[in-house]
Amino acid sequence: MTRLNITISRVLVVGLLAAVAFMLAGAVLTAARPGLTAIHETSVADIPRALAHLEPSGFFDLGLLLLLATPVARVIALLFGFARERKWLLSSFSLIVLVALAFSAYLGLRV
Amino acid sequence: MVGLGGGVFIIPTLALFLDVPIHSAIAASLLAVIATSTTAAAAYVRDDLTNLRLGMTLETTTVTGAVIGGLVGTALSKTVLSAVFGGVMIAVSVYMAVRQRNAKLPPVTDEDLGLLGASYHDRSLGETVRYRVRRLPAGMAASFVAGNVSGLLGVGGGFLKVPVMVLAMSIPVRAAVSTSSFMIGVTACAGALVYFARGLVDPVITVPVVLGVTLGAYLGSKLAMRVKSSVLTIILAIVLFAFSVQMILSAAGIDLR
C-alpha cells in the first residue's frame with residue numbers, strides 16, 4: 001500500500017462522512033420541527049445564514065455541496081500526489097480533469 | 001458491488017414509480033452515483049485494488065465526454081440512444097457470461113508492467129494478480145462515450161467502462177470494477193455540478209436517496225471483497241442483461257409499470 005492510496009482513501013472517507021453528517025443533522029432538525037418544510041436554498045451564499053438559524057435546508061445543501069466537492073478534492077489530491085512522485089504526465093491529466101470540472105460548473109452557472 | 005453507480009436503477013424508479021420530474025430524478029441520481037462511488041472507492045483504494053494511474057488517465061476523456069454529453073444532450077433522441085445501448089449491452093453481457101469459462105488471463109511474469117500496469121492481492125484467491133494494460137486508445141475512446149452517456153442520461157457510465165476494461169484492455173475484473181467505481185464519482189460530478197449550479201437539486205428527494213445508497217454501497221463493497229471473481233463476472237452479466245432489456249423496452253415505448 002502506497003502513501004498516495006492512504007491519502008486518497010482518507011480524502012474520500014472524510015468528504016463522505018462530513019456530507020452524510022450534515023444531511024443527517026438536517027433530517028434530525030426536520031423531524032424536531034414539524035410543520036417546517038425544507039425549501040431549497042438557491043444561492044450558496046444563503047447557506048451560512050440558514051445554518052445560523054438551524055434551518056434544515058441549510059444543512060441539506062451544505063451536505064450535498066460537500067458530497068459534490070469530494071470527487072473534486074480527490075482529483076486535486078491526485079494532482080499533487082502524482083507531482084510529488086514526479087509522474088508529470090499523470091499529474092497533468094489530473095489538471096485536465098480539474099479544468100473540465102470547472103468548465104462544467106461554469107456552464108451550469110452561466111445559463 | 002459490480003462497479004456501477006446505481007444510476008441505472010435510480011432514475012427509472014424515481015421517474016416511473018414516484019412521479020419525480022425527470023430533471024430532479026437525474027440530479028438526484030448523479031448525487032447518489034457520487035455517494036456510491038465514493039463509498040466503494042474509499043474501501044477499494046485502501047486495499048490497493050484501484051489502479052489510480054489508469055483511472056486518472058481514462059478520466060481525461062470521460063470527463064470531457066460528460067461535459068460534451070451535457071451540451072449536446074438535447075440534440076440526440078433518448079429513444080435512439082436507449083435502443084442502441086440496450087442492444088450493445090445485451091451482446092456484451094452474453095459475451096461476458098459465456099467467455100467467463102475461459103476468462104483466466106495468462107499470468108504476467110514480466111517484471112515491467114508498463115506505465116499503467118499494476119498488481120493487487122486477491123483475497124479470495126489468496127494470491128497476487130499482476131496485469132498490464134492493453135489497447136489504451138480503445139479504453140480512452142470507450143471512456144469518452146461512457147462520459148457522454150453519463151452527461152446525457154445522468155448515470156455514471158460504469159456499465160460501459162467495466163466491460164471495456166475487462167474485454168478490450170485485459171484488466172482483471174476485480175481491478176476493473178474498483179477502478180470504474182473510482183472514476184464514476186468524477187464523471188457524475190461533472191454532470192451534477194451543472195444541475196446544482198442551476199438549482200435543480202431538490203434536497204427533499206436527493207437526501208434520502210443519497211443516504212440510502214451510501215449504506216447500500218458500503219455493504220456491497222464489503223461483500224465484493226469476499227466473492228470470487230468468477231461469481232462477480234456472472235452477477236455483472238446478469239445485471240447488464242436486465243438493464244439492457246429494460247432500456248430496449250422503454251425505447252420501444254413499453255412501460256413495465
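**Two chains, question by question**

Colleague: How many residues of chain B are in contact with chain A?

Modeller: Keep in mind that this is a predicted model. Contact here takes C-beta atoms within 7 Å. On the other side of the pairing stand 41 residues of chain A, and chain B brings 40.

Colleague: Which helix of chain B gives the largest share of the side that touches chain A?

Modeller: Helices H2 (22–46), H3 (52–71), H7 (173–197) and H8 (203–226) of chain B each supply at least two residues of that side. With 10 residues, the largest share comes from H7(B).

Colleague: By class, how many residues on that side of chain B are nonpolar?

Modeller: Let's go through the classes one at a time. Six residues are charged and nine are polar. The nonpolar count is 25.

Colleague: Which residues touch the most other members of the largest nonpolar core?

Modeller: In soluble globular proteins, nonpolar side chains tend to be buried together. The largest nonpolar core in this model has 83 residues. Those touching the most other members are B:Leu31, B:Ile34, B:Cys189 and B:Ala192.

Colleague: Leaving aside neighbours within four places in sequence, which residues of chain A is B:Ile34 in contact with?

Modeller: Within its own chain, B:Ile34 is in contact with B:Gly185, B:Ala188, B:Cys189 and B:Ala192. Its contacts in chain A are A:Leu67, A:Leu68, A:Thr70 and A:Pro71.

Colleague: What length does helix H1 of chain A reach from its first C-alpha to its last?

Modeller: H1(A) covers residues 3–32, which is 30 residues. At 1.5 Å a residue, 44 Å is expected. The model comes close to that, at 43 Å.

Colleague: How many helices does chain B have?

Modeller: From the N terminus on, the elements of chain B run α-α-α-α-β-β-α-α-α-α-α. Two of the elements are strands, and the helices number nine.

Colleague: How many residues of helix H6 of chain B are buried?

Modeller: A residue is buried if 20 or more other C-beta atoms lie within 10 Å of its own. H6(B) runs over residues 158–167, and B:Phe159, B:Lys161 and B:Pro163 are among its buried residues. Of the 10 residues in H6(B), the buried ones number nine.

Colleague: Where in chain B is confidence highest?

Modeller: Chain B has a mean pLDDT of 70, and 55% of its residues reach 70 or more. Confidence is lowest in helix H1 (residues 7–17) of chain B, at a mean of 60. The highest mean, 81, belongs to H7(B).

Notes: Residues numbered from 1 in each chain as written. Chains lettered and ligands numbered in written order. Predicted model: local features only at pLDDT ≥ 70, side-chain atom pairs only at ≥ 80, totals over all residues. Contact = placed C-beta atoms within 7 Å. Helix = DSSP H or I, 4+ residues; strand = E, 2+ residues; numbered from the N terminus. Nonpolar A, V, L, I, M, F, W, Y, C, P; charged D, E, K, R; others polar. Core = buried A, V, L, I, M, F, W, Y, C linked by C-beta atoms within 7 Å. Buried ≥ 20, exposed ≤ 12 C-beta atoms within 10 Å, placed from the backbone. Expected span 1.5 Å × (residues − 1). pLDDT = per-residue confidence, 0-100.
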